[in-house]
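Student: I would like to go through this model by asking about particular residues and strands. Please give the reasoning before each answer.

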Amino acid sequence: MRNKNLILFLAGLFVLISVYYLSFTFIARSIERKATAFATEGDGKLNRARRQSFIDSVWTEPVFLGFTYKDIKEQEVKLGLDLQGGMHVTMEVSAADVLRVLSNNNTNPDFQKALAEAQVAMNTRQGSYTDFFYDAFKRRAPNTSLAGIFANKSNQDQINFQSSDQDVLAYVNNQLNNTIDRSFEVLRNRIDRFGVTQPTIQQLQGTNRIQIELAGIDDPARVRKLLQGAAKLEFYEVYEPNEFIPYYMQLNEYLLKQEQVNKPAAPAANDNLTARATDPLAADTNAVAQRDELSADGTATDTTRSGAQAKADSAGANPGQSTLLAKLFVPTGNGLGANVKDTARVNALLARPDVRSIFPGDMAFVWDAKPATLKAGGQLASLYFIKKNRNQGAPLEGDVITNARPDFDQFGKPEVNMQMNTRGAKVWKRLTGQNAGRRIAIVLDNVVYSAPVVQGEIGGGNSSISGNFTIEEARDLANILQAGKMPVPTRIVEETVVGPTLGQESINKGLISILIGFLIIIGFMIAYYSSSGMVANIAVLLNVLLILGFLVPANAVLTLPGIAGIVLTIGMAVDANVLINERVKDELRAGQTLLNATSNGYRLASTSIWDANITTFLAGAVLFFFGSGPVKGFATTLMIGIITSLFTSVYVTRLIAEFRLRKGRGFSFSTPFSRSLFQNINFDFASKRKIAYVISSVIIGAGIISMVTRGFDFGVDFKGGWTYVVEFKGDVSASDVRTALAGPLQDPPEVKTYGASNKMQITTPYLIDDASENAAERVEQAVRAGLTTIKPDAFEIQSSAKVGPTVANDIRRGAVIAVVIAMAFIFAYIWIRFKKWQYALGATIAVIHDTLIILTVYTLGKDFLPFSLTVDQNFIAAILTIVGFSVNDTVVVFDRVRETFNESALNADPSKVVNKALNDTFSRTIITSTTVFLVVLTLLLFGGETIQGLSFALLVGVITGTYSTIYIAVPFIADAYRNRRQLATAGK
């Protein structure tokens, strides 16, 4: 073997990388266990606030190799919500609402009908909403220009009544994209204020949707309220430090008196952790408080941000200062600030009625949107004291803004230009005139984005905001101001809530399935291949280590289907070693020495191994591109596993095997049990192919009839609706649950047993089209009301999910596209690889056959099996995996067919060639299929309800994939050519 040292070096390097990254996960879990133990009270209940306090105390502290706990959390293996609990949400910006706002709520009937027709088209076809709208509008009003709908005073600097339809469409698309970008920023800032560790938010490219994942959420209603609704932009007068400090001093005196009356005893020695958890972080002496300036357009003012150092009393409170205030507040250039981790405590303090009574009734407290990073660790957020009007609102709101854009002042520095309508300009003139030399806070969603100093009264409604802006900061502020102009809410179109109990159950079942699957592989490989089987087991163990280790640098998320992907990879990784070992045994039977047979076996098997794994990888790549959430996690681990298994199964095992052989140590590729198994078999597979064709046609024909008449049991992600997983204390029947919910949900829902007899999955379309903010709460209340009639206070909703109609349509469409593209890629690869379309067509027919057989099983067996046969995203993941597995199996035999023809005379009988290839690879086919079957059976039995459907589809696919290779794909080669010479030439 060449490049032995390189393989050895890479193996060591990959192991070190994996161990390095996995160590962060173990350290993070260790700290979390300590936090839980610290926060567990005497009665066994977890005090979540106390646990969070512990975590905050070490968040920026070095805890491992100089890394802070924050650094460690960023480098750990990230778990999907199905494993740790939490909330997955897909938000959508309504394109129709954006167009209504851009048209100034134009009431033209053709315009309104075109909007509705475009939405219908979006639900059934793929494309751009604005394109669908334009087509519908032109059908209804071919002689009406879009300028007549959208041109108005607020956008006169961009379009006018003479603008062409294409110019108006460009303007509309640009504004729609800007609205989505603004919504993304608004949502990200809302999430940052929610206090969730490692939230995930991403804009789904090519759509109006934003995907959010929040781990550990225990109040979904609060999340929905936080995320939904239009952004609210407001302008407030600001209390300057000399104005609010007297009230702050009164608060200090009040708290001092309370502390003297309730002076606590000195903490015991074992309370050190508590003290540490509440100590404030030292303030950074270079934290800068920003101070922008506001002037009327055209005023030449040299504007810079004044800086002030944030100072902290690191020695603790002064004798005349409240201990609580000393711990919470830090003086800044603009007044007061606090470490971000302490803002919740500050909010709680200022919300106390006794504390609130100290401050003026028109004073409110809001935080800076962009805290400054401290060198000592943590972030410092400035606190603004704003003044509300007599109605406890803002003197001016963002709906008066007609335009805002980044620009450059006369000195070439970035600034933001803002225009207001007539009503806004009037109020703005009075507001700026009364606050010359003072600040006005620009507040979005109760967070201050800028607080510029007014240079003088501003009339006409045109203003410029200048300061030490970067171009990006000026653009961001312009977007914030535009959010007031475009009050379009984001709506939840898909959500999933997984409780922590169900998440822990998923972890336990996933680990059990991995362990059992691994033990099955170990036992089988040793029993069948002796010492070479032991080497293969080492490769499998190394493969699992590399998969888990490389999840972190790949920025991948481990989900329960991802664990299924690891288990499946364990089974499929053995295939490479089976191919190699069977080739070595062939060489030994041909009279080669053990060392030469080993070398030749690896060489001859390598082509088949690469072909087989590339086709499976292509299927995984398509699944990764079109999948989402847990399904994408499955594709990720599958693809990583294919890459790592190639390295471990082909190169590492060869390195170990040849090392032992050269050292003269005993090494065997078989056991007494397997030595003569599958030898000298000579089945006439080709003669039975027509019988197989008939059997398959009958089964598929029955399936097609059932698909048309009975249909499928579609999951909620394919048909839309709400679904809940509910665990009861004691057994219940599905019919009783269905009857109890028929009234509250207006129609009987779909109810299925979900694993155990006391666990049910409930699916309903009730209020699925309701876009109101409280729709989710109303549906859940209805479910709880119905269930209470069966088991009052004796049930727990472990998870819930919502999929809106548009999302369901997109998922269905994407699933079909994914399967078609996967088949097209595989067809193209095999055609290129084997240089004849007949091979590609044979493999494609086999794949279509396998897909139809699985669909037949799902439509015929949906009412007869003890578990649900749901067609959902997991099912599509199984289909694509089976596509890869089936082609994997087929390609191995195709390679042997080609090889056999290269060694045969030109007049070889096609049926004999096919039979010889199938018999030569029969042992590999049966062994690989058996190991994968056993591993998938483990997933089905022990992997849990979440992946039960995925596991069953894979189980059926392994059987039908093996069958189609032997009786469909390979025999097709004999039928695809019309004479022996044509087939023989194809082998060249």
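The questions below go from model confidence to strands, a buried charge and salt bridges.

Tutor: This is a predicted model, in which local features need pLDDT of at least 70, side-chain atom pairs count only at pLDDT 80 or more, and totals for chains, interfaces and linings use all residues. Residues are numbered from 1 along each chain as its sequence is written, and side-chain values use heavy atoms, with hydrogens and water left out.

Student: What is the mean pLDDT of the chain?

Tutor: pLDDT is the predictor's confidence in each residue, from 0 to 100. In this chain 89% of the residues reach 70 or more. Over residues 266–291 the pLDDT is below 50, and that stretch has 61 contacts (heavy atoms within 4.5 Å) beyond near neighbours in sequence. The chain mean is 80.

Student: Is strand β26 largely enclosed or largely open?

Tutor: Strands here are DSSP runs of E with at least two residues, helices are runs of H or I with at least four, and both are numbered from the N terminus. Buried means under 20% relative accessible area, exposed over 50%, and partly exposed in between (1.4 Å probe, protein chains only). Seven of the nine residues of β26 (residues 756–764) are buried, so the strand is largely enclosed by the rest of the structure.

Student: Which residue of β26 is the bridge partner of tyrosine 724?

Tutor: Two strands pair if DSSP finds at least two bridges between them. Strand β24 (residues 721–728) pairs with β26 in the antiparallel sense over six bridges. The partner of tyrosine 724 in β26 is isoleucine 762.

Student: Which residue sits in the turn between β25 and β26?

Tutor: β25 (residues 750–754) and β26 pair in the antiparallel sense over five bridges, with threonine 753 opposite methionine 760 as bridge partners. The two strands form a hairpin with one residue between them. That residue has a positive phi of about 85° and is glycine 755.

Student: Which side chain makes a polar contact with glutamate 237?

Tutor: Glutamate 237, in strand β7 (residues 233–238), is buried yet has no salt bridge (a side-chain nitrogen of Lys or Arg within 4 Å of a carboxyl oxygen of Asp or Glu). The nearest side chain of opposite charge (Lys and Arg count as positive, Asp and Glu as negative; His and the chain ends are not counted) is 4.7 Å away, on lysine 387. A polar contact is a pair of N or O atoms within 3.5 Å; within protein, one must be able to donate a hydrogen and the other to accept it, and residues adjacent in sequence count only if both atoms are side-chain atoms. At 3.0 Å, the side chain in such a contact with glutamate 237 belongs to asparagine 435.

Student: How many residues apart are glutamate 243 and arginine 438?

Tutor: The two form a salt bridge, with the closest N and O atoms 2.9 Å apart. Glutamate 243 lies in helix α11 (residues 241–261), and arginine 438 lies in the loop between α16 (422–434) and β17 (440–444). The pair links distant parts of the chain, and the separation is 195 residues.

Student: Is lysine 835 buried or exposed?

Tutor: Lysine 835 is in the loop between α26 (805–834) and α27 (837–860). Its phi is near 65°, a positive value in a residue other than glycine. With a relative accessible area of 64%, lysine 835 is exposed.
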